[in-house]
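Biologist: Shall we walk through this one together? Please show me the sequence and the structure, and then I will start asking.

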Amino acid sequence: MTQWVENVPVSGYLAEPAADARWCHIWTEHPVAVARLHAFWLAWQELTDPPPAATSDPAPGTATTTTPPSTVETGA
């Protein structure tokens, strides 16, 4: 995660100096920063990792088709 933090948010979002932008280079020593960056990293992975490849052969014992829901008639 450390390498990702240094390469993605720090280099991309904090590269432009601004009056109100502060970044502590020892962020790993701040538990709140680590927790927030970890959540950011997990979300980044979820949104950028490719979906797993579908297998051509389903696992034994699994259904390959869906069954339509049963229709319930009402006496109205």
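Biologist: Thanks! Which residues make up the largest nonpolar core?

Modeller: Happy to help, and please keep in mind that this is a predicted model. Helix α1 gives the most to this core, with 4 residues. The core has 6 residues in all, and they are W4, V5, V8, V10, W27 and L37.

Biologist: Let me pick out W4, then. Is W4 buried or exposed?

Modeller: The cut-off helps here: a residue counts as buried under 20% relative accessible area. W4 has a relative accessible area of 12%, so W4 is buried.

Biologist: And which residues does W4 touch, leaving out those up to four places away in sequence?

Modeller: W4 belongs to the largest nonpolar core, as does L37, and L37 is one of the residues that W4 touches. With residues up to four places away set aside, the full list is P9, L37, F40, W41 and W44.

Biologist: I see aromatic rings in that list. How is the pair of W4 and F40 arranged?

Modeller: A search of the whole structure finds 3 aromatic pairs. In the pair of W4 and F40, the ring centres are 5.1 Å apart. Planes over 60 degrees apart count as edge-to-face. The planes of W4 and F40 are at 75 degrees, so the pair is edge-to-face.

Biologist: How many residues apart in sequence are the parts that this pair ties together?

Modeller: W4 lies in helix α1, residues 2-13, whereas F40 lies in helix α2, residues 31-48. F40 is partly exposed, at 31% relative accessibility. Because the two rings sit in these two helices, the pair ties together parts that are apart in sequence by 36 residues.

Biologist: Which residue forms one aromatic cluster with W4 and F40?

Modeller: W4 touches both F40 and another tryptophan, W44. The residue that joins W4 and F40 in one aromatic cluster is W44.

Biologist: Now to T2. Which residues is T2 in contact with, leaving aside its neighbours within four places in sequence?

Modeller: T2 is found in helix α1, and at 44% relative accessibility it counts as partly exposed. T2 and L37 are 35 residues apart in sequence, yet 9.4 Å apart in space, C-alpha to C-alpha. Leaving aside the neighbours within four places, T2 is in contact with W27 and T28.

Biologist: Last one: how much space lies in the largest pocket?

Modeller: The lining is made up of W23, C24, W27, H30, V32, A33, R36 and L37. By class, that gives 6 nonpolar, 1 polar and 1 charged residues. The space in the largest pocket is about 160 Å³.

How values were computed
Residues numbered from 1 in each chain as written. Predicted model: local features only at pLDDT ≥ 70, side-chain atom pairs only at ≥ 80, totals over all residues. Heavy atoms only, no water. Phe/Tyr/Trp six-rings, centres within 6.5 Å; stacked < 30°, edge-to-face > 60°. Buried < 20%, exposed > 50% of the residue type's maximum accessible area, 1.4 Å probe, protein only. Core = buried A, V, L, I, M, F, W, Y, C linked by side-chain atoms within 4.5 Å. Contact = heavy atoms within 4.5 Å. 1 Å grid on protein atoms, 1.4 Å probe; cavity = no way out; pocket = protein on both sides within 12 Å on 5 of 7 lines; lining within 4 Å. Points joined across faces, edges and corners; volume = space filled by probe spheres on them. Nonpolar A, V, L, I, M, F, W, Y, C, P; charged D, E, K, R; others polar.
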